[in-house]
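Subject: A structure for you to look at

Hi,

Here is the structure I promised to hand over. Have a look around it first, then read my notes underneath.

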Amino acid sequence: MSSAQNSDSVSHLTQREAAEIDETLMGPLGFSVDQLMELAGLSVATSIAEVYKPSEYDRVLAICGPGSNGGDGLVAARHLYHFGYKPSVCYPKRTQKPLYTGLVTQLESLSIPFLSVEDLPLDFSKDFDIIVDAMFGFSFHGTPRPPFDDLIKRLLCLHGYDQTRQKRPVIVSVDIPSGWHVEEGDIGDEGIKPDMLVSLTAPKLCAKKSSGPHHFLGGRFVPPVIADKYKLRLPPYPGTSMCVRIGKAPNVDISALRENYISPEFLEEQVESDPINQFRKWVDDAIAAGLREPNAMALSTVGKDGKPSSRMVLLKGVDRGGFVWCTNYESRKACELCDNPHASLLFYWDGLNRQVSIFLRLALFHLSTLPAGSLKMVPLFSPSLSKLESYLLDVKNQTEQFF
Ligand SMILES: NC(=O)C1=CN([C@@H]2O[C@H](COP(=O)(O)OP(=O)(O)OC[C@H]3O[C@@H](n4cnc5c(N)ncnc54)[C@H](OP(=O)(O)O)[C@@H]3O)[C@@H](O)[C@H]2O)[C@H](O)CC1
Ligand SMILES: [K+]
């Protein structure tokens, strides 16, 4: 997750400074262009993935120019493929250097389609969800020459859809919105208006004129010696993230938030006959998928007053006899369970599109066998419930004894 930074507090580079930093990185500081391009393209892909989820925006067209900006687009397309998107690439002016031919081979080996300008639909709106604009970066000058002039016009046409409220692909510009002056920005207000700008190393002056909803910074490789020399104020990158949001996140209409849950079919005959086995299987899947706190569960209880309350707790164990978790015996949940032994558990595994809801009652049997502070809950579906009932002591008496 990237955290937001105020864009005014971040330094902006002139075209000359951007080129100088590039030369210093690849000269005295010992970086290779391949390395920087890989990190730049990865930052673009991770910025996209932060905002546009593949479940809704999987059809990506990366339009790549002849220079390093185009190379960033090729690298981003590869990472997006591995993140679950379906990229296509338009790369009309190919650079015949090993770095670029290698990037093309890598994409071809993933069966990523390369589309010529003629192959592309005149209207991009129906075929793509995301257009990655990787035509020109900080070395752009003058006015765009063919075929990029025409491609930029097609991107401009997409803005017409904003008035009609029809869905259109979002435009993600790499480093510079193509066609914009690197320092002056969108002269004449006639250029493309990217929905997301991913600045690399540091934003260029033109980024001050970008008013799209998402501005990210990528390229987590600037050594302090460069930052000191150019007196760069750059935001910290959170955790291990390759990108950081600059500026405020847009206000989102909560009612419009809706994920499309696409999961493999789950048929009745695939369900384990024993619900505990099924549950264990799904916990194992959540662990294998690397989900955070796969044992987190919402525990809902109802006290004497009949009012429900919920909180997140961690599952400490499960077997046919029930679900174990820990609590302070004087906590609100423990007291509520003491008054009313019925409760429900909800596990939600985002990323697997799965949830499990279980209705239970408190069981205090074999309490001495449980770790201190633990409570055991018996699922109401448990086939052995009637057998367990015999172990269930009078909850009220027991809890008074233990709490
Ligand atoms: N340190 C970093 O931040 C890194 C940034 N990276 C990316 O690199 C670009 C800058 O790359 P560069 O190769 O210097 O330049 P561009 O990609 O902007 O494009 C240069 C090519 O574009 C042609 N060009 C220029 N103007 C036009 C025009 N009006 N019409 C058509 N073509 C144009 C130019 O040809 P010329 O004959 O005109 O010279 C070049 O072929 C930066 O923005 C980042 O995206 C690195 O990937 C990593 C390090
Ligand atoms: K660009």
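Below is what I found, starting with a site listed in UniProt and then moving to a pocket.

One thing to keep in mind as you read: this is a predicted model.

**The listed site**

Which residues does UniProt list under "binding site"? The unreviewed entry gives three: Asn 69, Asp 133 and Ser 178. They are spread over 110 residues of sequence, yet in space they cluster, with a largest C-alpha distance of 9.8 Å. Of these residues, Asn 69 is included in the lining of the second largest pocket, and I'll come back to that pocket below.

**Asp 133**

You'll find Asp 133 in strand β4, which covers residues 130–134. Is Asp 133 buried or exposed? Its relative accessible area is 0%, so it counts as buried, the cut-off being under 20%. Leaving out residues up to four places away in sequence, Asp 133 touches a whole list of others, including Ile 63, Leu 155, Ile 171, Val 172 and Pro 177. Both of the other listed residues, Asn 69 and Ser 178, are also among the residues it touches. Try zooming in on its side chain: a polar contact of 2.6 Å joins it to the side chain of Ser 173.

**Ser 178**

Where does Ser 178 sit? Look in the loop between β5 (170–174) and β6 (196–200). Ser 178 has a relative accessibility of 1%, which means that it is buried too. Again not counting residues up to four places away in sequence, Ser 178 touches Asp 133, Met 135, Phe 136, Ile 152, Ser 173 and Ile 192. With Asp 133 there is also a polar contact between side chains, at 2.4 Å. If you compare the two contact lists, Ser 173 and Ile 192 turn up in both.

**The second largest pocket**

Now for the pocket that Asn 69 helps to line. Its volume is about 690 Å³. How many residues line the second largest pocket? There are 33, and Ser 68, Asn 69, Gly 137, Phe 138 and Ser 139 lie nearest its centre. Three elements give two or more residues to this lining: α1 (15–26), α2 (33–51) and α3 (68–82). The largest share, five residues, comes from α1. As for the kinds of residue, the lining divides into 19 nonpolar, eight polar and six charged.

A good place to begin is Asn 69, as it is listed by UniProt and lies among the residues nearest the centre of this pocket.

Happy exploring!

Terms used. Residues are numbered from 1 along each chain as its sequence is written. Chains are lettered from A and ligands numbered from 1 in the order in which they are written. This is a predicted model: local features need pLDDT of at least 70, side-chain atom pairs count only at pLDDT 80 or more; totals for chains, interfaces and linings use all residues. Side-chain values use heavy atoms; hydrogens and water are left out. UniProt positions are given in the numbering used here, feature names are shortened, and annotations may be inferred rather than shown by experiment. On a 1 Å grid over the protein atoms alone, a cavity is a set of points where a 1.4 Å probe fits but cannot get out, and a pocket is an open set with protein on both sides within 12 Å along at least five of seven lines; lining residues have an atom within 4 Å of a point. Helices (H or I, at least four residues) and strands (E, at least two) are DSSP runs, numbered from the N terminus. Buried means under 20% relative accessible area, exposed over 50%, partly exposed in between (1.4 Å probe, protein chains only). Contact means heavy atoms within 4.5 Å. A polar contact is a pair of N or O atoms within 3.5 Å; within protein, one must be able to donate a hydrogen and the other to accept it, and residues adjacent in sequence count only if both atoms are side-chain atoms. Grid points are joined across faces, edges and corners, and a volume is the space filled by probe spheres set on the points. Ala, Val, Leu, Ile, Met, Phe, Trp, Tyr, Cys and Pro count as nonpolar, Asp, Glu, Lys and Arg as charged, and the others, Gly among them, as polar.
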